[in-house]
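Q: Could you walk me through this protein before I go back to the bench? I would like to hear about the sheets, the core and the cysteines.

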Amino acid sequence: MEEQIMISRILIHKLKSALILSFIFFLCFLLLNHSSFDNSCSSSLVRKRSELDLCAGRYIYIHDLPARFNEDLLNNCDHKLPKITPKLDLCYHKANNGFGRCIENSSLNDFSTNSWYETHPFLLDVIFHNRMKNYECLTNDSSIASAIFVPYYAGIEPSVRNANVIDLVKWLTAKSEWKRMWGRDHFLVAGRISRDFLRESGRSSGSKFLLLPESKNMSILSIESSHWKKHFAIPYPTYFHPSLDRELFEWQDKVGGSNRPYLFSFIRTPRSNSINSIRGEVMNQCLASPRLCKLMHCNSFSRNCENPANVMALFRKSVFCLQPPGDSFTRSFIFDSILAGCIPVFFHPDSAYTQYLWHLPKDHARYSVFISARDLMKRRVSINKTLLKVSEEQESEMREEIIKLIPKIIYADPKSGLESVEDAFDITIDRMLERMETSRQAALPDNKMDNSLSIFSRLQHDPKSSVSYSNSCQAKLET
């Protein structure tokens, strides 16, 4: 009996020793392989987490701003929006969530009353805010938000309102959400070019919003950027805001089969009056080639450009659309021409190539033609000769690429949205969330970050990666 007890004690002691040694070896294994184990296996934890919360890493919190920073600006619509004619005011264009009034079916039979609107480019901040209200991963808990949206309607300020932007900054900096990262996780959309936010008091329009130190911490999205580190350009709104995938696909098929009798076309606005301007030279070369080029005049006596049907009809009949810079490098007609399947011709890199990095291909030759403004002004090149050198095969390949770009440069109806493709809003939000994650990483001590959030973000954008991460984790566990 005593021998059995003794044997039992010995076995228990050996078992305890074995367990202790196993635990020590396991700890050593974790210490030696911490980095690879963490990187490969945390994705499985994230995937388990994502099964419970599909919005993990994508939550956005919207600041509840006082009405004077947005709704009051929209409702007090007696001030005018600058455009081709002063008759086009804010009251006319604020309808339908900022899309403007519906376009009735025209004689061209191009437009559906459900998808086409008389949209003003300066209403982008209103359009974006209404899309944000329907974003699938909104949260009322700012502590779990990956980004903070500031719904300030900067694009429809009627005049210099430096007092207003200063009040906005004071309001923001007093909030706990701002103090968390000092505004680095905040972003704002403005439907104007950057120059309008770089003006001191005393100017006829605009504000000094981008000159304020606090603004430099936020990410600013506008129709034309200033190339600052946190300033990004997103597409001008077009006239087309589909609510169904089918409407988008039908339009792509339509522009793909359009008959294009004009080699190139140019829409001349009042800003191109200067004889010595690049637009003046483009107009002269267009007039010198009446069989190849179609010119549309826009002035106070003609309402051609106020009618989207006229603009889209011209672009759909043109192989190439000339897009020279004017008062600024960019213009809304760039995106109208892409929408019509017309290949844009640029004369300065800042008209598109250095601007819309999130939405247009890096390989510019895939979708556009470039002619140096300097060479054109010195008569070293001819527009018609340059475009005539483009082969039919090259033209066909570029148009195919242009048609593929259409979903990326439109803002879908916020009430429904597209299901199988991403529009300009979706792409913008994805890129902003990526940047916010980078900002959080830089703000953490020793540049350490939450690996689970990083990997989850990659899984969201590349579903196939979940397989490789999972397999890697499984192999690690089996060894």
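A: What follows goes through the sheets, then the nonpolar cores, then the cysteines and one glutamate, and please keep in mind throughout that this is a predicted model.

Q: Let's start with the sheet of five strands: what is the strand order, and is the pairing parallel or antiparallel?

A: The order is β1-β2-β3-β4-β5 in an open sheet, and the pairing is parallel. The edges are formed by β1, residues 60–62, and β5, residues 231–233, each of which pairs on one side only. On average, neighbouring strands of this sheet are turned by 30° against each other, if direction is ignored.

Q: Which helix packs on the sheet there?

A: Helix α5, residues 124–133, packs on the sheet and touches β1, β2, β3 (186–193) and β4 (219–224), with its direction making about 145° with that of β3.

Q: And how many bridges join β1 to β2?

A: Three bridges join β1 to β2, the latter covering residues 147–150, and the two strands run parallel. Within that pair of strands, Ile 60 stands opposite Ala 147 of β2.

Q: Switching to strand β6, which strands does it pair with?

A: β6 pairs with β8 in the parallel sense over three bridges, and with β7, residues 293–297, also in the parallel sense, over five bridges. As for individual partners, Ser 265 is bridged to Cys 321 in β8, while Arg 268 has His 297 as its bridge partner in β7.

Q: How many of the residues of β6 are buried?

A: Six of the seven residues in β6 (262–268) are buried, which leaves this strand mostly covered.

Q: On to the core, then. Which residues have the most contacts inside the largest one?

A: Phe 128, Phe 187 and Phe 320 have the most contacts inside the largest nonpolar core, which has 92 residues. Helix α15, residues 424–443, gives the largest share of this core, namely seven residues.

Q: What does Phe 320 touch?

A: Setting aside residues up to four places away in sequence, Phe 320 touches a list of residues that includes Leu 263, Phe 264, Ser 265, Cys 342, Ile 343 and Val 345. Also among its contacts are Val 369, Leu 387, Val 390 and Met 398. Apart from the core that holds Phe 320 lies another core, of 19 residues, among them Val 165, Leu 172, Leu 212 and Met 218.

Q: Now the cysteines: how many disulfides does the structure hold?

A: There are three disulfides in the structure. One of them joins Cys 55 to Cys 137, with an S to S distance of 2.1 Å. The torsion about that S-S bond is about -75°, so the disulfide of Cys 55 and Cys 137 is left-handed.

Q: Where do Cys 55 and Cys 137 sit along the chain?

A: Cys 55 is in the loop between α2 (34–52) and β1, and Cys 137 is in the loop between α5 and β2, 82 residues apart, so the pair links distant parts of the chain. Both Cys 55 and Cys 137 are buried.

Q: What about the disulfide of Cys 286 and Cys 293, is it left-handed or right-handed?

A: That disulfide is left-handed, because the torsion about the S-S bond of Cys 286 and Cys 293 is about -90°. The sulfur atoms of Cys 286 and Cys 293 are 1.9 Å apart. Cys 286 counts as buried because its relative accessibility is 2%, and Cys 293, at 6%, counts as buried too.

Q: And the link of Cys 321 and Cys 342, left-handed or right-handed?

A: The link of Cys 321 and Cys 342 is right-handed, with 115° about the S-S bond, and the two sulfur atoms are 2.1 Å apart. Cys 321 lies in strand β8 (318–323) and Cys 342 in the loop between α11 (333–339) and β9 (343–346), so the pair ties together parts that are 21 residues apart in sequence. Cys 321 has 0% relative accessibility and therefore counts as buried, and Cys 342 is buried with a relative accessible area of 0%.

Q: Is Cys 102 buried or partly exposed?

A: Cys 102 counts as partly exposed, because its relative accessibility is 31%.

Q: Last one: where is Glu 401, and what is it in contact with?

A: Glu 401 is found in helix α14, residues 392–405. Leaving aside neighbours within four places in sequence, Glu 401 is in contact with Pro 361, Arg 366 and Tyr 367. Glu 401 counts as buried because its relative accessibility is 13%, and the cut-off for buried is under 20%.

Key: Residues numbered from 1 in each chain as written. Predicted model: local features only at pLDDT ≥ 70, side-chain atom pairs only at ≥ 80, totals over all residues. Heavy atoms only, no water. Pairing = 2+ DSSP bridges. Helix = DSSP H or I, 4+ residues; strand = E, 2+ residues; numbered from the N terminus. Axes fitted to C-alpha atoms, helices over the stretch in contact; angles between N-to-C directions. Contact = heavy atoms within 4.5 Å. Core = buried A, V, L, I, M, F, W, Y, C linked by side-chain atoms within 4.5 Å. Buried < 20%, exposed > 50% of the residue type's maximum accessible area, 1.4 Å probe, protein only. Disulfide = S-S within 2.5 Å.
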